[in-house]
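The exercises below are to be worked with the sequence and the model side by side. Each one sets a task and is followed by a solution in steps.

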Amino acid sequence: MIIRPDPRTMDVQGTIRASMETLMKKSLFILAAAATVTLALSACSGGATSEPSGDGAASANEPEGLVNAGTLTACIDPEYAPLEYYADSTGGDIIGFDADGIRALADHWGIDYKFEVTSFDGLMPGLQSGKCDVIFGGLYMSEDRLKIADAAPIMNAGPAVLATPETAKTISTPEDLCGLRVVSQAASANAASVVALSEKCVADGKDPIETAEYPKVSETVLAVLNGKADALVETNVAAAYMVTQNEGKLAEAPGVFAPDTTFGAFTKLDNPFTAALATAIEELRADGTLAKIAADYNLDESILEVK
């Protein structure tokens, strides 16, 4: 199934939730238990590539429209556990739900795969410039993105608010963020949503949100832990992992935003590869492959139930 922009008009809260998506992505942050130091994955420099998984031999099942014949090339920023991240935190094998999903697609077609490693803000430009065939997961299917790329749905997602355990107890609605210092990843849907929410705060006669953006999600975590920010906004899939890695230091404020968006696999508009990708994803969903991968990374299988 190829998803196109939804023309329906949304209310203000729906707009805020949907905008929580526009350009988001991913970051791995593992904090040492005895210190508030994050092992930021600096190895993700723009333009780096991993080695192909094989010799690029032709396959009878190979889909049409690949950038490199015999190889599925995926743009990826491996700093977003549990979806894509380096196995040893700074380099080596790229693992996670998305990374293994890319491998599963290549196996499905009997071809090789290659990761085109880039920064988050280089993912869509990489796809548009022909560096890769697909951006698999970790990106919301926003209306803005669907104007410039096609996408097939992978999993349900939504924004979440993280703060210290004490502060998290005081946040239960989006309006509770008014007047607080809130951080998010630069060029992400979350950053755009926080700005939109701040404007709503002002329109409602409340204090604006003091916003700040950081290149990496790991840096937003440190901002909260070091007292430079009151809260951060991140995707629920990543937020759950962040809490487990910072037990007792971070907590999710429950129920602030409902999970009402979808992560998708993006391809170039009108590429003949697009239909083949959408079909393959549905086949991997139907045969249980995606569910098994989700279980490998402690993700609830129900998030794969997308329409």
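**Exercise 1.** What is the torsion about the S-S bond of C178 and C201, and is the disulfide left-handed or right-handed?

*Solution.* The model is a predicted one, in which local features need pLDDT of at least 70 and side-chain atom pairs count only at pLDDT 80 or more, while totals for chains, interfaces and linings use all residues. Residues are numbered from 1 along each chain as its sequence is written, and side-chain values use heavy atoms, with hydrogens and water left out.

Begin with the bond itself: C178 is joined to C201 by a disulfide with an S to S distance of 1.9 Å, where a disulfide is a pair of cysteine sulfur atoms within 2.5 Å. The torsion about this S-S bond is about -80°, so the disulfide is left-handed. Next, place the two ends: C178 sits in the loop between α4 (165–168) and β10 (181–185), whereas C201 belongs to helix α5 (residues 189–203), and the two are 23 residues apart. Helices (H or I, at least four residues) and strands (E, at least two) are DSSP runs, numbered from the N terminus. Finally, check the exposure: C178 is buried at a relative accessible area of 15%, and C201 is buried at 1%, where buried means under 20% relative accessible area, exposed over 50%, and partly exposed in between (1.4 Å probe, protein chains only).

**Exercise 2.** Find how many disulfides a search of the whole structure gives, and describe the link of C75 and C132.

*Solution.* The search gives two disulfides. In the link of C75 and C132 the sulfur atoms are 2.1 Å apart, and the angle of -100° about the S-S bond makes this link left-handed. C75 lies in strand β2 (residues 71–76) and C132 in the loop between α3 (123–128) and β7 (135–140), so the disulfide ties together parts that are 57 residues apart in sequence. C75 is buried, with a relative accessible area of 3%, and C132 is buried as well, with 1%. When the bonded cysteines of the protein chain are numbered in sequence order, the pairing reads 1-2, 3-4.

**Exercise 3.** Locate the cis peptide bond that A81 and P82 share, and relate P82 to the second largest pocket.

*Solution.* The cis bond joining A81 and P82 has an omega of about 5°, and P82 is found in the loop between β3 (79–80) and β4 (84–86). The second largest pocket is lined by 13 residues, and P82, V237, A240, N298 and L299 lie nearest its centre. Helix α7 (residues 236–245) gives the most to this lining, with five residues.

**Exercise 4.** Which residues does T220 contact, leaving aside its neighbours within four places in sequence?

*Solution.* T220 is found in helix α6 (residues 217–225), where it is buried with a relative accessible area of 2%. With those neighbours left aside, T220 is in contact (heavy atoms within 4.5 Å) with V183, S184, Q185, Y214 and L232.

**Exercise 5.** State the phi values of A187 and D270, and say how exposed each residue is.

*Solution.* A187, in the loop between β10 and α5, has a positive phi near 65° although it is a residue other than glycine, and A187 is partly exposed at 36% relative accessible area. D270, in the loop between β14 (261–268) and α8 (273–286), is likewise not a glycine and has a positive phi of about 60°; at 63% relative accessibility, D270 counts as exposed.

Notes: On a 1 Å grid over the protein atoms alone, a cavity is a set of points where a 1.4 Å probe fits but cannot get out, and a pocket is an open set with protein on both sides within 12 Å along at least five of seven lines; lining residues have an atom within 4 Å of a point.
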